[in-house]
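Thanks, everyone. Please bring up the model, and I will walk through it.

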Amino acid sequence: MTSGSRIAIFGATSDIAAAYARRSAEGKARLALFARDAAALDALKADLVVRGAAEVQTFAADFTDFSALPGLARTALTALGGLDVALVAYGSLPDQKTLNTDPAALRAALDLNFTSPAMLANLLAEGLEPARAGAIAVITSVAGDRGRQSNYGYGAAKGGLQTFLDGLRHRLAPAGVHVLDIRPGFVATKMTAHLPQGGPLWAMPDKVATDIAGALRKRSAVLYTPWFWWGIMTIIRAVPRAVFHRTKL
Amino acid sequence: MSARATPYASWGGVLRAPHIACRPATRAAAAEVLCGGGTMVLHGNGRSYGDVALNPGGGLMDITALDRFIAFDPDTGLLTCEAGVKLSDILEVLSRPQADGGGWLLPVMPGTRFITVAGAIANDVHGKNAHHLGSFGNHVEQVELVRSDGSRLTCSRTEHPDLFAATLGGLGLTGLILSATLRLRRVPGLGIESEDIRFGHLDDFFRLDAESADHWEYTAAWVDCLASGAALGRGIYSRGRHVPGVACDPPARAPRLSVPLTPPLSAVNGLSVRAFNALYWRKLGGAGRRLSIGSYGPSFFPLDAIGQWPRLYGPRGFYQFQAVVPHADGPAVTRELLKTIAASRQGSMLVVLKRFGTVEPEGLLSFPMPGISLALDFPNRGEATLRLLGRLESLVMEAGGRIYPAKDSCMRAESFAQGYPALDAFRAFIDPALTSAFARRVGILKEFPA
Ligand SMILES: Cc1cc2nc3c(=O)[nH]c(=O)nc-3n(C[C@H](O)[C@H](O)[C@H](O)COP(=O)(O)OP(=O)(O)OC[C@H]3O[C@@H](n4cnc5c(N)ncnc54)[C@H](O)[C@@H]3O)c2cc1C
Ligand SMILES: NC(=O)c1ccc[n+]([C@@H]2O[C@H](COP(=O)([O-])OP(=O)(O)OC[C@H]3O[C@@H](n4cnc5c(N)ncnc54)[C@H](OP(=O)(O)O)[C@@H]3O)[C@@H](O)[C@H]2O)c1
């Protein structure tokens, strides 16, 4: 992270995003933060200021209000007088059993985890492409790598987003705009607080945040974080369907 | 707030048990848990060696997610932060050298930086400069405290001063600390000059200590607890002080190395301790002394270099013992304690001898008092170790001393009452929703006799 970087974070109160914001603040970044929970946003801002952020602006945002997305993107592109990194972090992990029987819940999950971030990424691209600089980093998930009975609603949204980012990267390559697809494994955050967090497969948000900063520096296309998920997902994708169907994954 | 059965252990690893635990993400959520009915223990980063932060089978609130800074005033050094912020984070963020090499520093730092602000307050922890700057509580300006009756109070030397005094060193029993304001200290150089001096006998320790106390802010000694006879109490005296103009970066936020697994047997045994102590005592070479200038990290936090180091003690874990005895009989009692330990052949390499000064701690149950403090680890060998700890406890109590709750796993209720005469006054401030295995064991909470 170069000192004074201009960073916009959508879903800034996500534990992973907040950890990234902290590291950035300690590197003297200038931050524009978007989230729905104003009190949490204020607490985060105070924390980041003490940590050394050169500037922190906060904006209330409802990411499922699609008509508001263009305005949010515009604010992000201009608030800091230009943008070096946009991190799109919001998302939710719905209960698949509910999605199986409740079409409205399925639609809401797809809206929040696919439609909204895809639209936002495109809106950000519109601003960054002519500037021929900047990075769009979006948190997808290893869950997007293969459909599984236990979470294919969420997985499909994340998988769709991966494909979307792949295309966007293709489009923006000539302009030199960096597109990063971040695929975390299990991370101990609010989203997974209902699961028994702990054990070798679980990472802390700090670790993921450090990996994100590294991938931005290296201009990687896809980041598996922690790194061993690349191996795990390579195997999971390769398991023959007949065998896969006998698992409870 | 979802609670689930989660194992929590004492740092020494002797006590490990499932707790009905929750880890609230915000101050509001934490306050709600405290006021939601039921009793619980408050748990910081779990660096207490014994049972002050445990409540086997019962409720536990883990406060480590309350880790936000709130405000820092670079003119006064006043820092306000949430209760679960770690000292390591404060150092990382605020103890950066300024142009003149000086900077803001925590006035009191214990032997590990991986503890929370609330943990530091609740045990009113001390550091190597206890004889100059007292304990952590002396530098706390105010705390934001919630009680289970729903009240949310700002406590300071002027607002609710009695509750404030009970909360410094209050063992997590007077209410839930949500945030605190600390007064950081500006030093003219963050780096320190430190000198290690080998000494051959306990008397030499007292001589060196008397000579160093005024001009060296940080002092402590390592002692070879296996040496006996003419070599009884031999060791290495370490003293340090800030050097104006010498900068140093904060120590790393996390250990670089970690012990990955618990070996099936303790790696700390008679043989390894003997070999270590013999080598360590000679580490200073022929001259017997060494002066160096640099970071305070390695000398203040030697154990923080290796994550999960208690695993080296094997699955049975270890006990830690720390007591302070008044200066009057200090040398004689220390000699008696060391003799008893040497004869038992049970000690480990980790031994610290340190003077406490005359800065009055402000907490009703604060541990530090003027005198000499001895701290050391004992691998858990069951009954034999408990018998030894019992003998040490008796020696300390006879000398009018006291034992440190943060380190203790077995002191008797009588010893606690004798060592902490303000106990009765303290009881008036206990929040009925708060408890701990320690508080029940030593009779702070009367309804559950030990
Ligand atoms: C290697 C090592 C070296 C050490 N060196 C020293 C030393 O030099 N000097 C010294 O004094 N100590 C020392 N200690 C002990 C350590 O500093 C204390 O045990 C400290 O209190 C641990 O803090 P913690 O955050 O881990 O809290 P925990 O151990 O989890 O809890 C400590 C106490 O804080 C209470 N508490 C937790 N959260 C709250 C809250 N929000 N509100 C109110 N109460 C709360 C708990 O109930 C408990 O009573 C050392 C420990 C280790 C492991
Ligand atoms: N944790 C994991 O194991 C894991 C694994 C792979 C991928 N991910 C992805 O990582 C990203 C960050 O998640 P996290 O783990 O850090 O969890 P988190 O702390 O729960 O963060 C999720 C964020 O999304 C926001 N959000 C959810 N629904 C919203 C809505 N309808 N409108 C606006 N904001 C909404 C939340 O806002 P509030 O703060 O206001 O609730 C929260 O900030 C997500 O995209 C997630 O899918 C997580």
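Start at ligand 2. It has 25 residues around it, where near means a heavy atom within 4 Å. The closest are A:Thr13, A:Asp15, A:Tyr154, A:Val187 and A:Thr189. This is a predicted model, with local features needing pLDDT of at least 70 and side-chain atom pairs counted only at pLDDT 80 or more, while totals for chains, interfaces and linings use all residues. Residues are numbered from 1 along each chain as its sequence is written, chains are lettered from A and ligands numbered from 1 in the order written, and side-chain values use heavy atoms, with hydrogens and water left out.

Now the polar contacts, meaning pairs of N or O atoms within 3.5 Å; within protein, one atom must be able to donate a hydrogen and the other to accept it, and residues adjacent in sequence count only if both atoms are side-chain atoms. A:Tyr154 puts a polar side-chain atom 2.6 Å from an oxygen of ligand 2. A:Arg36 has a side-chain N or O atom 2.9 Å from a ligand 2 oxygen. At A:Ala89 the partner is a polar backbone atom, 2.9 Å from an oxygen of ligand 2.

Over to ligand 1. Here 34 residues surround the ligand, and the closest are B:Leu42, B:Arg47, B:Ser48, B:Thr116 and B:Tyr404. The side chain of B:Ser48 offers an N or O atom 2.6 Å from a ligand 1 oxygen. B:Tyr404 has a polar side-chain atom 2.6 Å from an oxygen of ligand 1. B:Val52 uses a polar backbone atom, at 3.5 Å from a ligand 1 oxygen.

Next, aromatics. A pair of rings is described by the distance of the centres and the angle of the planes. Rings of Phe, Tyr and Trp (its six-membered ring) pair if their centres lie within 6.5 Å; planes under 30 degrees apart are stacked, over 60 edge-to-face, and the rest tilted. That rule gives 27 aromatic pairs over all chains. Take A:Phe34 and A:Phe59: stacked, 4.9 Å centre to centre, 20° between the planes. What does this pair tie together? A:Phe34 is in strand 2 (residues 30-35) of chain A and A:Phe59 in strand 3 (residues 55-60) of chain A, so the pair links parts 25 residues apart in sequence. Helices (H or I, at least four residues) and strands (E, at least two) are DSSP runs, numbered from the N terminus.

Is A:Phe34 buried or exposed? Buried, at a relative accessible area of 0%. A:Phe59 is partly exposed, at 21%. The cut-offs: buried is under 20% relative accessible area, exposed over 50%, partly exposed in between, with a 1.4 Å probe and protein chains only. Both rings belong to one aromatic cluster with A:Phe10, A:Phe63 and A:Tyr90.

Two charges over rings in chain B. The rule is NZ of Lys or CZ of Arg within 6 Å of the ring centre and within 35 degrees of the ring normal. B:Arg234 lies over the face of B:Trp281, 4.3 Å from the ring centre. The charged end of B:Arg402 sits over B:Tyr420, 4.9 Å from its ring centre.

Now the nonpolar cores: buried Ala, Val, Leu, Ile, Met, Phe, Trp, Tyr and Cys joined through side-chain atoms within 4.5 Å. The largest has 114 residues, and those with the most contacts inside it are B:Met61, B:Ile90, B:Phe416 and B:Ile444. Helix 10 (residues 383-398) of chain B gives this core its largest share, six residues. A second, separate core has 36 residues, among them A:Ala21, A:Leu31, A:Val208 and A:Ala209.

One buried glutamate. B:Glu193 is in strand 12 (residues 192-199) of chain B. It counts as buried, at 17% relative accessibility. Beyond four places in sequence, its contacts (heavy atoms within 4.5 Å) include B:Trp216, B:Arg239, B:Arg241 and B:Leu291.

Last, the backbone. The peptide bond from A:Thr225 to A:Pro226 is cis, omega near -15°. A:Pro226 sits in the loop between strand 9 (222-225) and helix 8 (229-238) of chain A. A:Lys28 is not a glycine, yet its phi is positive, near 70°. This lysine, A:Lys28, is in the loop between helix 1 (15-26) and strand 2 of chain A. A:Lys28 is partly exposed, at 45%. B:Arg345, also not a glycine, has a positive phi of about 55°.
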